Amino acid sequence: MKKALITGLTGQDGSYLAELLLEQGYQVFGLVRRSSSGNADRISHLSGTVEILSGDLLDQCSLMDAVSYAQPDEIYNLASQSYVPLSWTQPALTAEYTALGVSRLLESIRRCKSDARFYQASSSEVFGQPDESPQTERTAFRPRNPYGVAKAYAHWMTINYRQQYGLYSCCGVTYTHESPRRGTEFVFRKITRGAALIKMGLAKELKLGNLDAKRDWCYAKDAVRAMWMMLQQEQPDDYIIASGETHSVRELVQTAFDCVGLNWEEYVSVDPNFYRPDEAVQLVGSIDKIRRQLNWEPQYPFKQLVELMVDHDLKELSEAQ
Ligand code: GDP
């Protein structure tokens, strides 16, 4: 039986990855911060199937203990301080978790289980203001916030440990990925939830910000499948994980309201409070490499993802009534 250790188990990706690995017959360990024990909504259904280890990316000893104890074949680092606005108010703490945390984890692997395969959750935020679009694995990093800078450090440390020590360590550069486990403060879920609420007569309108903003939206379950596939290859390598397409918030809202048979223009209003101060950049990932080398393809492209989320929100709301 293969063994895997996941950091960030309580997050969207951690919970989906744990499910995928359990389906594949893995023994799964999850590293959880003591303070996040009250934040177990996404993993309550996994209780008894995943072994929880207490640890923190700020604490070297706890990481070494976790790796020594679990002796995992695969380690997925999905933990970080990932909220970009907070990275401006707490830049040093963001660096501690998102950058140095990865150094600590890599050192723990090198010292305690050097044949373990390591996945580092890199982010499209490393590109910041990129020179080219779509971005590829060779696009230069120009991060524009402390979170992106910290992720860039972690990315290069992961590659350096591969080159210097021969670790099987890889980076997956993910773009925005969504699921029913996403919070309603993010625009995708806000819209699918909003359309469902209006359809059921539980809300009358939906206020949004910039309808022309564009994103590369992928399904979180597709993304975690790519992470797992990356660690099953003969050679470690880095890949972009994205949908490879961009869509505007306007297209998203239209598609979601089409799913419930309503005309969005009758319900949606624009509220300047939801506008972002600086939004010049449209990030979109090229998935040529991962498609070619891993034969990975998103199974839920944009329209199917919107339908899945709207159906989920309708079901959840009707069950709550
Ligand atoms: P993130 O910016 O990729 O972390 O994800 P969000 O889901 O928060 O935002 C995606 C895009 O939707 C941004 O470009 C926002 O400007 C745009 N957007 C338009 N209306 C809204 C809204 O009401 N809420 C949020 N969160 N974003 C909105």
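1. Let's start with E178, which sits in strand β7, spanning residues 177-178. Please keep in mind that this is a predicted model. E178 has a relative accessible area of 1%, so it counts as buried, the cut-off being under 20%. Setting aside neighbours within four places in sequence, E178 is in contact with Q12, F186, F188, R189, W217, C218, Y219, A220, L305 and M309.

2. Next, have a look at helix α8, residues 249-259. Its buried residues are V249, L252, V253, T255, A256 and F257. What do the buried residues of α8 pack against? Their partners are the helices α6 (187-199) and α10 (302-320), together with the strands β8 (206-208), β12 (247-248) and β13 (268-270).

3. A small backbone detail follows: just after α8, G261 takes a positive phi of about 70°.

4. Now for a helix pair. Two packed helices are described by the angle between their axes and the distance between the axes. For helix α2 (residues 60-70) and helix α4 (residues 91-112), the angle is about 40° and the axes lie 9 Å apart. Because that angle falls outside the ranges for roughly parallel, roughly antiparallel and roughly perpendicular, α2 is oblique to α4. The crossing of the two helices, α2 and α4, is right-handed.

5. Which residues make this contact? From α2 come Q60, L63, M64, V67 and S68, while α4 brings in G101, R104, L105, E107, S108, I109, R111 and C112. Sorted by character, the residues of the contact of α2 with α4 are six nonpolar, four polar and three charged.

Terms used:
Residues numbered from 1 in each chain as written. Predicted model: local features only at pLDDT ≥ 70, side-chain atom pairs only at ≥ 80, totals over all residues. Heavy atoms only, no water. Helix = DSSP H or I, 4+ residues; strand = E, 2+ residues; numbered from the N terminus. Buried < 20%, exposed > 50% of the residue type's maximum accessible area, 1.4 Å probe, protein only. Contact = heavy atoms within 4.5 Å. Axes fitted to C-alpha atoms, helices over the stretch in contact; angles between N-to-C directions. Parallel < 35°, antiparallel > 145°, perpendicular 65-115°, else oblique. Left-handed = near helix turned anticlockwise from the far one by under 90°. Nonpolar A, V, L, I, M, F, W, Y, C, P; charged D, E, K, R; others polar.
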